[in-house]
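Reader: I should be grateful for a close look at a single part of this structure, namely one loop residue and its contacts. Please then set that part beside the strands, ring pairs and salt bridges found elsewhere in the chain.

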Amino acid sequence: MNNIKRPRGTMDILPEKVRIWQHVEKVTAAVSEKYGFSEIRFPTFENLDLFQRGVGDTTDVVQKEMYTLETKGSGESRYALRPEGTACIVRSIIENGLCHDAMPQKLRYNINCFRYEKPQAGRYREFFQYGVEMFGADSPLADASVLSLANEVIGALGIKGVTLHINSIGCPDCRPAYHSALKEYFTAHKDELCDTCRERLEKNPLRILDCKSPICSAIADGAPKTVDHLCEDCASHMDTLKQALNGLGVVYTVDPRIVRGLDYYTKTVFEFICPITGAAQSTICGGGRYDGLVKELGGPALSGIGFAMGINRLIDAMEKSGVVIEDDNKPLLYIASMGAAASMRAFSVAARFRAAGKYAESDLVGRSLKAQMKYADKIGAQYTLILGDNELETGCAQLKNMATGEQTAVEIDTFLI
Ligand code: ATP
Ligand code: MG
């Protein structure tokens with residue numbers, strides 16, 4: 001019979017790799033806390049409607065990439081595995097009344113997400129995101145603060161060669177005119193566009209700017225720019241954001257091609273791009289302002305801004321930047337033993353150390369003394385103790401400091417380090 005394999009596009013994170021994941025979780029939490037973002041957790045699956053309305057019916061995520069479920073007893077309702085976190089958090093703050101607390105409301109999350117995509121480097125079907133959302137802060141300084149947080153996280157993780165691209169995609173006031181200009185431009189190139197973009201032309205021409213096909217991308221280079229079509233409010237929002245970023249020393253470029261894959265973004269949108277991770281999967285962080293989303297999902301008119309980072313891509317970028325996270329869980333003591341009585345005594349010494357809150361190991365697999373010492377070295381034990389008939393008789397043994405080679409006589413049943 002064939003062995004069962006993991007589903008395509010999923011990953012096993014083995015202990016050696018988990019270390020770097022835990023490090024990323026620690027750093028993202030610590031930096032987020034400095035900016036006042038509290039953690040929120042929410043279900044892995046939600047009502048399908050939430051994503052249709054909260055991510056957008058015309059987006060690739062909803063149209064092509066969503067895992068939908070029909071479960072027993074669900075009646076008419078259908079569910080989907082979460083493809084992202086923002087819509088879920090908005091649902092949660094509305095449902096739990098957090099919209100009525102003092103603003104801004106600042107939340108962070110660390111979740112698995114599911115998208116039916118073609119698996120390749122940096123693109124999985126189950127992947128992981130760290131993200132933040134800030135609600136109820138309309139000021140461009142909120143945008144600057146969220147961008148500064150993302151920038152700080154990327155720096156603290158030791159990722160090199162990252163560039164920040166920002167853009168403004170306007171608001172419901174200025175977007176219709178921009179959409180018409182875009183539509184006019186792309187209609188002139190209709191025959192050259194890919195099939196998907198030809199469809200997008202009717203429903204959502206903005207999406208064409210995001211197409212990864214080289215031909216569409218080349219055409220999009222000459223398209224009208226959002227920044228040239230902003231209303232006064234959106235233009236001044238962008239100006240103040242730029243000033244704030246300059247003041248913080250956060251380096252950015254204004255990139256008219258950044259439009260983001262999800263609907264409901266307004267004004268500021270941004271991506272942090274790390275080319276060393278490979279051309280197609282180089283966006284390690286994406287985000288923006290979504291002032292219409294809370295209301296769209298049935299809540300009050302509350303603004304929002306946030307980002308999500310793909311943890312897989314962050315880790316890939318860290319490894320390519322030469323970041324190494326050492327295993328710091330090394331045993332303080334390894335107790336080697338010869339014979340059954342000594343082995344039992346070694347076992348009880350290890351138990352005594354653990355009771356004192358210290359990590360100790362003794363032989364559990366019946367290795368020879370020589371093999372035990374080799375193993376102690378391999379697992380990085382700081383001290384070793386050897387127990388044989390003599391030691392059991394006298395009640396004393398030699399404690400060896402593995403780094404210095406120094407030996408000290410200790411009483412087997414009472415000593416601690
Ligand atoms: P892309 O353009 O690469 O498909 P996206 O615009 O679909 O990204 P978002 O929905 O903004 O991505 O998600 C935020 C981040 O999550 C991305 O910048 C990326 O780092 C990560 N991400 C998105 N999809 C995947 C995936 N299938 N596998 C791994 N990471 C992903
Ligand atoms: Mg995508």
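Author: Leaving aside neighbours within four places in sequence, Q281 is in contact with Q120, A121, G122, R123 and R313. The model is a predicted one, and the distances that follow are computed from it. Q281 lies in the loop between β9 (266-273) and β10 (283-289). Despite this loop position, Q281 counts as buried, because its relative accessible area is 8%, which falls under the 20% limit for that class. Two of the residues in contact with Q281 are also reached through polar atoms. The side chain of Q281 comes to 2.9 Å from the backbone oxygen of A121. With R123, the link is between side chains, and the polar contact is 3.1 Å.

Strand β9, on one side of this loop, contains an aromatic pair, which is best introduced through the wider set. Ten aromatic pairs are found in a search of the whole structure. One of them joins W21 and F128: the ring centres are 5.2 Å apart and the planes stand at 85°, so the arrangement is edge-to-face. Because W21 belongs to helix α1 (residues 15-34) and F128 to strand β6 (residues 126-135), this pair ties together parts that are 107 residues apart in sequence. W21 is classed as buried, since its relative accessibility is 9%. The pair in β9 is that of F270 and F272, whose ring centres are 6.3 Å apart with planes at 80°, so this pair too is edge-to-face. F270 and F272 are both buried.

Rings also meet charged side chains. K106 sits over the face of F37, at 5.9 Å from the ring centre. R367 is placed over the face of Y375, and here the distance to the ring centre is 4.1 Å.

The strand that contains K106 leads back to β6. Strand β5 comprises residues 105-114, and eight of its ten residues are buried, so that the strand is mostly covered. β5 pairs with β6 in the antiparallel sense over ten bridges. Within this pairing, C113 stands opposite F127 of β6. β5 is also joined to strand β1 (residues 38-39), in this case by two bridges and with the strands running parallel. The bridge partner of E39 in β5 is R108.

A separate open sheet is formed by three strands in the order β2-β4-β3, with antiparallel pairing. β2 (45-47) and β3 (68-69) are the edge strands; each has a single partner strand, so one side of each is left without a neighbour in the sheet. Two bridges join β3 to strand β4 (residues 79-81), again in the antiparallel sense. In this pairing, L69 has Y79 of β4 as its bridge partner.

The salt bridges return the account to E39. The structure holds 19 salt bridges, and one of these is formed by R41 with E39, the closest N and O atoms being 2.9 Å apart. The two partners differ in class: R41 is exposed, because its relative accessible area is 70%, whereas E39 is partly exposed, at 36% relative accessibility.

Two further salt bridges lie within helices. The side chains of E95 and R91 meet at 3.0 Å, N to O. Both residues belong to helix α4 (residues 86-95), and because they are four residues apart, about one helical turn separates them. E95 is exposed, with a relative accessible area of 60%. The other bridge joins R198 to D195, with 3.6 Å between the closest N and O atoms. R198 and D195 are three residues apart in helix α7 (residues 195-203), about one turn of that helix. R198 is partly exposed at 32% relative accessible area, while D195 is exposed at 55%. Shared partners also extend the first of these two helical bridges, in that E46, R91 and E95 are joined by salt bridges into one network.

Returning to the loop, Q281 is buried, and its side chain makes polar contacts with the backbone oxygen of A121 and the side chain of R123.

Definitions and conventions:
Residues numbered from 1 in each chain as written. Chains lettered and ligands numbered in written order. Heavy atoms only, no water. Phe/Tyr/Trp six-rings, centres within 6.5 Å; stacked < 30°, edge-to-face > 60°. Buried < 20%, exposed > 50% of the residue type's maximum accessible area, 1.4 Å probe, protein only. Lys NZ or Arg CZ within 6 Å of the ring centre and 35° of its normal. Pairing = 2+ DSSP bridges. Polar contact = N/O pair within 3.5 Å; in protein donor to acceptor, adjacent residues only side chain to side chain. Contact = heavy atoms within 4.5 Å. Salt bridge = Lys/Arg side-chain N within 4 Å of Asp/Glu carboxyl O.
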